[in-house]
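This report describes a protein structure by its elements, its pairing and its surface. The sequence and the coordinates are shown first.

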Amino acid sequence: MISLHEVSKSYEQQRNERLAAVEAVTLRIEEGSIHGIIGPSGAGKSTLLRLMNMLESPDTGRVVVEGKDLTAMNEPKLREARRSIGMIFQQFNLLQNRTVGGNVSVPLELAGVPKKKRAERVRECLQFVGLLDKAEEYPATLSGGQKQRVAIARALANSPKVLLCDEPTSSLDPKTTNDILTVLQHVNKTLGVTIVMVTHEMNVVARICNHVSVMEDGRLTDSFALAARVAAAKSPPPKTYREQLLGTEELCDV
């Protein structure tokens, strides 16, 4: 579904120095999976996610989605390819001067979908996330969880095959987080959408992900399936991300 081949990205710093955000990462995201990318702040997780839809262009390496090399595409073809890749963010990124329905309609307008079909699709997406009754309201009137549901509906508008999630629950309370994760599971199971989620929250990874990759200092340091979780002794306490997710009884029952 998504393949990264020796992908690197760095940024210009002071005194002509460059900061390596992602270094030579090779990773495959399986179709239909919910793949978590976890690691400390500044590890390069969000940059890696943005490389998957070419919001950030890699300095070196290749990004292949559904067998198509995004790094070899010109801008018009890349825009078309991005329609199959939805994205949601920590801060929702909703347009405050548009209604809920208007926000969901934006990607359809950009894709040139006729007005009548846009209205039908907006209704379908809002109904899917349980916010059809909020279609004419504005983002300022919504709770954080409702705003993220609108963002999910907007990301689903063009019927994507992939949904990239950048810290989608880190600004939400525990109950709302659980509600949003339930919606994302529903997206994955009902629509067959492959989900890639960047997060620093271990409970989120344990709750819905079936595969995990660990980023540290711009490098991919580990990758494993959560289906392999097994009960282990409670001592010594886990230290690595792998040990925390695979080797504790508390998470094995999730």
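Helix 3 gives the largest share of the lining of the largest pocket, 4 residues. That pocket has a volume of about 650 Å³. Arg82, Ile85, Pro107, Leu110 and Asn158 are the closest to its centre among the 20 residues that line it. Helix 2 (75-82), strand 6, helix 3 and helix 5 (144-156) are the elements that give two or more residues to this lining. A pocket here is an open set of points on a 1 Å grid over the protein atoms alone, where a 1.4 Å probe fits, with protein on both sides within 12 Å along at least five of seven lines; lining residues have an atom within 4 Å of a point. Grid points are joined across faces, edges and corners, and the volume is the space filled by probe spheres set on the points. Helices (H or I, at least four residues) and strands (E, at least two) are DSSP runs, numbered from the N terminus.

The model is predicted: local features need pLDDT of at least 70 and side-chain atom pairs count only at pLDDT 80 or more, while totals for chains, interfaces and linings use all residues. Residues are numbered from 1 along each chain as its sequence is written, and side-chain values use heavy atoms, with hydrogens and water left out.

**Strand 7 and its neighbours**

Strand 7 (residues 162-166) is mostly covered, with 5 of its 5 residues buried. Buried means under 20% relative accessible area, exposed means over 50%, and partly exposed is in between (1.4 Å probe, protein chains only). Val162, Leu164 and Asp166 point one way from the strand, and Leu163 and Cys165 point the other way. In a regular strand the side chains alternate between the two faces of the sheet.

Strand 7 pairs with strand 6 in the parallel sense over 4 bridges, and Ile85 stands opposite Val162. Strand 7 also runs parallel to strand 8 (residues 194-199), joined to it by 5 bridges; Asp166 stands opposite Val198 there. From strand 7 the chain crosses through helix 6 to strand 8, and this β-α-β crossover is right-handed. The term applies if, with the strands pointing away from the viewer, the path from the first strand over the helix to the second runs clockwise. Two strands count as paired if DSSP finds at least two bridges between them.

**Helix 6 and helix 1**

Helix 6 (residues 174-191) has 18 residues and should span 26 Å at 1.5 Å a residue; its end C-alpha atoms are 25 Å apart, which agrees. The expected span is 1.5 Å times one less than the number of residues. Asp173 caps the N-terminal end of helix 6, with a side-chain oxygen 3.1 Å from the backbone nitrogen of Lys175. Buried residues of helix 6 include Ile180, Leu184 and Val187. Gly192, with a positive phi near 70°, follows helix 6.

Helix 1 (residues 45-52) has 6 of its 8 residues buried, so it is largely enclosed by the rest of the structure. The buried residues are Lys45, Thr47, Leu48, Leu49, Leu51 and Met52. Met54 follows helix 1 and has a positive phi, near 65°.

**The open sheet**

An open sheet of 4 strands has the order 2-1-4-5, with antiparallel pairing. Its edge strands are strand 2 (18-29) and strand 5, each of which pairs on one side only. Strand 4 and strand 5 pair over 2 bridges in the antiparallel sense, and Val64 stands opposite Asp69 in strand 5.

**Loop residues**

The table gives the accessibility of four loop residues.

| Residue | Loop | Relative accessible area |
|---|---|---|
| Glu66 | between strand 4 (60-65) and strand 5 (68-69) | 34%, partly exposed |
| Asn97 | between strand 6 (85-88) and helix 3 (100-110) | 66%, exposed |
| Leu131 | between helix 4 (115-128) and helix 5 | 3%, buried |
| Ser159 | between helix 5 and strand 7 | 46%, partly exposed |

Glu66 has a positive phi of about 55° although it is not a glycine. Ser159, also not a glycine, has a positive phi of about 50°. Asn97 and Ala140 are 43 residues apart in sequence and 9.3 Å apart in space, C-alpha to C-alpha. For Leu131 and His200, the separation is 69 residues in sequence and 28 Å in space, C-alpha to C-alpha.

Key:
A polar contact is a pair of N or O atoms within 3.5 Å; within protein, one must be able to donate a hydrogen and the other to accept it, and residues adjacent in sequence count only if both atoms are side-chain atoms.
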